2 protein chains.
Amino acid sequence: MADINSRLEIGVTTGPIRGSRKIYVPAQANPSIKVAMREIDLEPSSGEPPVRVYDTSGPYTDPDAVIDISAGLPALRREWQLARGDVEGYEPREVKPEDNGQLGPDRSGGVPAFPTTLRKPLRAKAGGNISQMYYAKQGIITPEMEYVAERENLGRARLAQYNRSGESFGAAIPDYVTPEFVRDEVARGRAIIPSNVNHPESEPMAIGRNFLVKINANIGNSAVASDVASEVDKMVWSIRWGADTVMDLSTGRNIHDTREWILRNSPVPIGTVPIYQALEKVGGIAEDLTWDIFRDTLIEQAEQGVDYFTIHAGVRLPFIPLAAKRMTGIVSRGGSIMAKWCLAHHKESFLYEHYDEITEIMKAYDIAYSLGDGLRPGSIYDANDEAQFAELYTLGELTKKAWEQDVQVMIEGPGHVPMHKIKENMDKQLEACGEAPFYTLGPLTTDIAPGYDHITSGIGAAQIGWYGTAMLCYVTPKEHLGLPDRDDVKVGVVTYKLAAHAADLAKGHPAAQVRDDALSKARFEFRWRDQFNLSLDPDTAEEYHDQTLPAEGAKTAHFCSMCGPKFCSMKISQEVRDFAAKQNQPSTGFLAVEDAEKGMEEMSRVYKDKGNELYLPADEVTEPNKA
Amino acid sequence: MADINSRLEIGVTTGPIRGSRKIYVPAQANPSIKVAMREIDLEPSSGEPPVRVYDTSGPYTDPDAVIDISAGLPALRREWQLARGDVEGYEPREVKPEDNGQLGPDRSGGVPAFPTTLRKPLRAKAGGNISQMYYAKQGIITPEMEYVAERENLGRARLAQYNRSGESFGAAIPDYVTPEFVRDEVARGRAIIPSNVNHPESEPMAIGRNFLVKINANIGNSAVASDVASEVDKMVWSIRWGADTVMDLSTGRNIHDTREWILRNSPVPIGTVPIYQALEKVGGIAEDLTWDIFRDTLIEQAEQGVDYFTIHAGVRLPFIPLAAKRMTGIVSRGGSIMAKWCLAHHKESFLYEHYDEITEIMKAYDIAYSLGDGLRPGSIYDANDEAQFAELYTLGELTKKAWEQDVQVMIEGPGHVPMHKIKENMDKQLEACGEAPFYTLGPLTTDIAPGYDHITSGIGAAQIGWYGTAMLCYVTPKEHLGLPDRDDVKVGVVTYKLAAHAADLAKGHPAAQVRDDALSKARFEFRWRDQFNLSLDPDTAEEYHDQTLPAEGAKTAHFCSMCGPKFCSMKISQEVRDFAAKQNQPSTGFLAVEDAEKGMEEMSRVYKDKGNELYLPADEVTEPNKA
């Protein structure tokens, strides 16, 4: 048995993200709540304030935090939960051998079960409801909501500088996020705060159309590859680069243990697709699935602390033949498992039949529904078809049923959709599901670029995020081809982070532009280090720069490698600006230039006197005039 | 002196692109014209016809072609040119030392001047006009137009299978492209066929809103890096992956020789920014530029065969102060050079003043204008500002002036633009420039991801391509950071190829979907090889696949590495389909399922009898039913 205390066992990346400092900002409404963010300091010469950025990386990027993977993260939310006095601890369901799969090779990579803590699982007291939506509807503002408000307000302080522009397609993004606004959005179902009572390690975050667009990273081992340690490492790696939530899609063996290691060490909400594990419990034979086995799996995962469940309750028997007309049938794993079950028994889906019972479980732990789109299109050809929308409208019904019990819901979306059919998905979802948050996979805007599907889907993700999708599920370069490795996870996360940010800009999200402006200003002023540090991936930015101009001096050079010293357009426009400024001449003066021969000669002389130099000492580089 | 006959001197990649055959299709209207395409054969078991794809790679991918870089490519269009009887050969301008730059180190990498051929340059007979637009307006259908028609009709034969869907925002894409349609589009200025009489090696292609969206790749050495051999190699490499045109943006020394090597070996139109070379001729001092030096440079490049010139004639003196208000001033090299000249002399731009003389030169060689956007925004902050649109409207005037002399024109566009401001760019361009083809750089939809700007810009490129942009100028991962190497060029080209294709799909381009459908069908049927071969980058697709499942057997396996055998949704949906089909039961039958208990039990029994197997022998894998 491997020594679990050895760092070699499960190695994760720790330490600051270069160029930024971890900070904890007290929530305005409740200073005892400290909200994690990062701050990027700019060169003193710039006279620019530090830039605050949203941070999903958890304690791993805090040099002062003690990281012990085998002990897990501190239980940030435990106090808040207990203070509400509406939960009870109880003897957990006993872990059974089949929880880790009966068949196939051991894929734990030698990692033993997570050292069991004495902690008992919590749940709502009998008949109670501990969902954030329940509290919200009661008019209660929870610490989770206060945390979210502070977290989302990032950079809003500088808002005054900005004229908001953007097209939000009917969203209602406020200038400033108050805890009351968060409560109201959760109460009306327009936002969710996934927060299983048994995952107190997670830092509260909101998924909703009127908040920053979020991204999810999928990890998880499969029957053919991967092991527990590498999945924990991938989780930490993906949140380092910006994943707001992580889904553990493990199949095959060691599912229970893998999930436990991930949950205990995750500062972001964790989602799963419980049907995957249930199927393992029946040896992979879909038709052998039963409601009891599925229910038992929900309890098992609820007690571990999974924050949201993908439930494919919209894959109804009557819709299955519609999928038979397709070019690529059913591409959702969960959807196809349920379709097979329905056909084998020729009965309605047990997920649909037992939906209210599932909801009862969700509310006792505050697990959010992620209603799965088991009939999403798997190709451009199948986009926006009858099967897809039949399911979407069913998800709408199910949303309302969940809301009747005050359970939080988001809706999963496609898939493969050409650009001109993307907006219809958003519009129908908003209408059918009462503005419940939309959570989409891409969509991929063409099928012809395997190996580049992070890009074919990033194009669709940016658009649907702009139209109103609340969370974008990333796609890696390995999509359709293989399991993502560490590098693929990073590329997928950064690609989706930039797509989500492009959507925030287009929606006119207040102050989303602060970071773009800071980076562009740094670029214009040749503050290379600031440019690297302000980018989503400082390491790659500097590495690429150094491939052409490795010299340290080049990082302070007043030109870029693309043009070289003589051609530098940035330098020239700095001169243009300085020159125009020195003339103290309004633009209109220039417009009447034809009548000013004499003035022109004068200006020309002044300019020549100034030296016609391409280089100015750094201290002469003036601030761009934003007037 | 290096031995120019040694392959080591200038090595380029030759041989077929894996999985496809080079074919030459006789033009319907004129079978003597053979149009280059590629065909991808699919597994015989599939019963699918080969898929024809647009091919920009030239003779380099034809195993039967003899490639000799030092001899250049065959003069495909020479006969057609001479047959028109309106050109004359003449003694070329003598190559001067300053043509290759006077200053800085030799960056030829040891490559000598291209072995001078005896060929004399051609130009229109005195006072004549040999532009494709001139012929078009005369009602003449040229072989170039016939070539383009055949080339664009790719896959249209299968059109019958498709219901066209899409939103083209007012474009007029025909079901079938006739030579007459091409002529009409060129005559009205809505499309151009860049074809300098002195670049007979190029294969005719059209850039226009009603044709397939094209992409351009920029190459070129700069004062700080790169050499001649690597630029020729990059040109061949970029067209291999799909670049429709290539711009040589070389600066510093060896400009003339580098360009000659590229032109003589390029089957795609070559564009340049002549002001770069003119500036070298005056030692890099913008204010020393004169009309005579610029004019001499135009003649020099016209005789070499450059197909389109970027001319920044819209950077007028009165607009320059508008740029002073910006966060990032003037980011266009050409634009900043002209701005500096205008300020130094305080005179109107000599490009604007001598515009008609430039046009005289263009028409004598059939060089197309690419009117440069010297005032494009360099940051999200500066997008769609006064300076940018003031220039755009000037480019509109200049377009009409060029059309008066029947000279072909396209218009360059931004830049950095958030998604919600992209469409305004397209709408204003169509209005201001009379539907002259728009040629945009990205646009980049956020500034915060240096190192990923092929993606931030691919998002914008796909959108503006959908809205009507005719050609997308690629951006590589090195944008803002360094000079692209071979790998960056490939990533940039493939990214833009997929963005252009996503745009074609969204515009409802006839049969654009043929390739997507063929690939998705192959994916559904587990024809891995077909999936690789149909993708834009077969090598990367297979490499990624093999990282998870290297075994040869895995390429015929009926499951994918993401899910493993038990979970395969593709397999399950195949069963769903087979099952539904075997029942010969209309969907409606299923909808009334509640009233059919007995029938359900029967179906259930039948299914079980069938074996409930996850695996069916390959020969039982039936064709998707497209009904």
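A residue counts as buried when its relative accessible area is under 20%, and in this predicted model A:Cys473 meets that condition because its relative accessible area is 6%. A:Cys342 is likewise buried, with a value of 0%. Cysteines can be joined in pairs, since a disulfide is a covalent bond between the sulfur atoms of two cysteines, yet the count of disulfides over all chains comes to zero.

From the cysteines one can turn to helix H7 of chain B, which spans residues 274-281 and is mostly covered, with eight of its eight residues buried. Among them are B:Pro274, B:Ile275 and B:Ala278, together with B:Glu280 and B:Lys281. Just after this helix, B:Gly283 takes a positive phi of about 65 degrees.

Three of these helix residues lead on to B:Phe294, whose contacts include B:Pro274, B:Ile275 and B:Ala278, as well as B:Ile311, B:Phe350, B:Leu351 and B:Ile358. The largest nonpolar core holds 327 residues, and B:Phe294 is one of those that touch the most other members, alongside A:Phe294, A:Tyr369 and B:Tyr369.

In chain A, A:Phe294 also belongs to a cluster linked by ring pairs, which joins it with A:Trp291, A:Trp341 and A:Phe350. Over all chains there are 26 aromatic pairs. One of them, formed by B:Tyr134 and B:Tyr135, is edge-to-face because the planes stand at 65 degrees, with the ring centres 6.0 Å apart. Of these two tyrosines, B:Tyr134 is partly exposed at 28% relative accessibility, whereas B:Tyr135 is buried at 4%.

Rings in chain A also lie beneath arginines: A:Arg316 is over the face of A:Tyr352, at 4.2 Å from the ring centre, and A:Arg486 is over the face of A:Trp237, at 3.8 Å from the ring centre.

Key
Residues numbered from 1 in each chain as written. Chains lettered and ligands numbered in written order. Predicted model: local features only at pLDDT ≥ 70, side-chain atom pairs only at ≥ 80, totals over all residues. Heavy atoms only, no water. Buried < 20%, exposed > 50% of the residue type's maximum accessible area, 1.4 Å probe, protein only. Helix = DSSP H or I, 4+ residues; strand = E, 2+ residues; numbered from the N terminus. Core = buried A, V, L, I, M, F, W, Y, C linked by side-chain atoms within 4.5 Å. Contact = heavy atoms within 4.5 Å. Disulfide = S-S within 2.5 Å. Phe/Tyr/Trp six-rings, centres within 6.5 Å; stacked < 30°, edge-to-face > 60°. Lys NZ or Arg CZ within 6 Å of the ring centre and 35° of its normal. Lists of a residue's contacts leave out its neighbours within four places in sequence.
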